[in-house]
Amino acid sequence: MLQTTIARPAAAEGVGLHTGMYGHIRLVPAPADTGIVFRRIDLDNFAIEAEGHNVARVSYATSLMKQGVLLSTTEHLLAAIFSCGIDNIFIDIDSIEVPILDGSAEPFMQMLERAGLRELRRKRRYLKVLRALEVVEGERRIGIYPADEFRVRCYVDFAHPLVGQQEVEMVVSPETFRHLLARARTFCFERDIEPLRSMGLIRGGSLENAIVLTNSGVMNGPLRFPDEFGRHKALDLIGDLALAGLPLLARVEAHKAGHALHTQLVSRLLADPSLWTITTNESTHVELGTEIPALIPTSATD
């Protein structure tokens, strides 16, 4: 397989979930071996690579920081890019936080479809896991294991009549991500809104960009999926795994995990080179320079 980038730029704008700051993002083609790189265009194009060593805060979203420059809530955009197999891309942004848009990865998938996909004259490199690694904190745990494909399994359990125990397991591809996960939105409990705001969080949160759960139901239904909560947690997991910096050949299982455990796993994995190797996949040969206008179908229902 050859490395990829997007064929043309695509843009979007909106409010940040936690800061409430309005921002613009523009996806831009990048050359081979660039990786996924954010550029703070409000700070002279300061570059922040989407890699594990740049992880900063991970309490209620995954934030990156490099030389004191912060970028928050990266996971939904990274999940879309990573699942679509885009190896190289610049993400130009003029704010401290990626816009939340509708709270899912669907708007980012639509941006990528508008941008199209272009192959580059360089072999794709994969991070292939050779030995298992597990991170455990009480009843929360996450593990990564050897596999010949990228597969995730995500289990959540919330004491709420609309949530309870939910589990998602899938091989990650553009098609499966779009059909199963992309439209799943972020969520919070009504009782947590004021405590979160008192912490300076969810200043841009609204009924248009997050599901709000009351004690017995949902304030702003209908849900897009009966198990939308478990699906969104799987989406978050994939976005955080993108910080490995290369496409993964591995199976990841997350049990009641969150951003903190996801990023711990990535950091510990990258810190131990005996757990993985870098490999190329030469089983597929395609014509160089091919442009694919749309990654996947533009609509999907479950």
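Buried, in this talk, means under 20% relative accessible area. Keep that cut-off in mind. Take Thr 73 as the opening case. Its relative accessible area is 4%, so Thr 73 is buried. One caution before we go on: what you see above is a predicted model.

Let me start with the whole chain. There are six helices and 19 strands. The chain has 302 residues, and 54% of them count as buried. How does the radius of gyration fit? For 302 residues, a compact globule would come out near 19 Å. The chain has 18 Å, which agrees. Along the principal axes, the C-alpha atoms fill a box of roughly 55 × 40 × 40 Å. Now the contacts. Count those in the chain with a separation of 6 or more. Of these, 75% join residues 24 or more positions apart.

Next, helix α5. That is residues 228-241. We will look at two of its packing partners, α6 and α1.

First, α6, residues 259-271. The two helices pack at an angle of about 30°, and their axes are 9 Å apart. Parallel or perpendicular? Angles under 35 degrees count as roughly parallel. So α5 is roughly parallel to α6. The crossing of this pair is right-handed. Who makes the contact? From α5, we have Asp 236, Leu 237, Asp 240 and Leu 241. From α6, we have His 259, His 262, Thr 263, Leu 265 and Val 266. By class, the contact of α5 with α6 has four nonpolar, three polar and two charged residues.

Now α1, residues 75-83. Here the angle with α5 is about 75°, and the axes are 7 Å apart. The range from 65 to 115 degrees counts as roughly perpendicular. Therefore α1 and α5 are roughly perpendicular to each other. On the α1 side, look for Glu 75, His 76, Leu 78, Ala 79, Phe 82 and Ser 83. They meet His 232, Leu 235, Asp 236, Ile 238, Gly 239, Asp 240 and Leu 241 in α5. The classes in the contact of α1 with α5 are six nonpolar, four polar and three charged.

Let me zoom in on one residue of α5, Leu 237. Is Leu 237 buried or exposed? Its relative accessible area is 0%, so Leu 237 is buried. What does Leu 237 touch, once neighbours within four places in sequence are set aside? The list is Ile 142, Val 152, Arg 153, Cys 154, Val 252, Ala 254 and His 262. Take Val 252 from that list. Val 252 is 15 residues from Leu 237 along the chain, and their C-alpha atoms are separated by 9.1 Å.

On to helix α2, residues 106-115. This helix is mostly covered, with eight of its ten residues buried. The buried ones are Glu 106, Pro 107, Phe 108, Met 109, Met 111, Leu 112, Glu 113 and Ala 115. After α2 comes Gly 116, with a positive phi near 75°.

Helix α4 next, residues 193-198. Ile 193 sits in this helix. With a relative accessibility of 17%, Ile 193 counts as buried. Beyond neighbours within four places in sequence, Ile 193 is in contact with Cys 188, Ile 202 and Val 212. The C-alpha atoms of Ile 193 and Arg 203 are separated by 9.8 Å, and these two are ten residues apart along the chain.

Last topic: the backbone. Most residues other than glycine have a negative phi, and most peptide bonds are trans. Which places in this chain depart from that?

Back to Thr 73. Thr 73 is not a glycine, yet its phi is positive, about 55°. Thr 73 lies in the loop between β7, residues 69-71, and α1.

Then Lys 256. Lys 256 is not a glycine either, and has a positive phi of about 55°. You will find Lys 256 in the loop between β17, residues 248-255, and α6. Its relative accessible area is 17%, so Lys 256 is buried.

Finally, a peptide bond. The one from Gly 221 to Pro 222 is cis, with omega near 0°. Pro 222 is in the loop between β16, residues 211-213, and α5. That brings us back to α5, the helix that packs roughly parallel to α6 and roughly perpendicular to α1. Thank you.

Conventions
Residues numbered from 1 in each chain as written. Predicted model: local features only at pLDDT ≥ 70, side-chain atom pairs only at ≥ 80, totals over all residues. Heavy atoms only, no water. Axes fitted to C-alpha atoms, helices over the stretch in contact; angles between N-to-C directions. Helix = DSSP H or I, 4+ residues; strand = E, 2+ residues; numbered from the N terminus. Parallel < 35°, antiparallel > 145°, perpendicular 65-115°, else oblique. Left-handed = near helix turned anticlockwise from the far one by under 90°. Contact = heavy atoms within 4.5 Å. Nonpolar A, V, L, I, M, F, W, Y, C, P; charged D, E, K, R; others polar. Rg over C-alpha atoms; globule rule 2.2 N^0.38 Å. Buried < 20%, exposed > 50% of the residue type's maximum accessible area, 1.4 Å probe, protein only.
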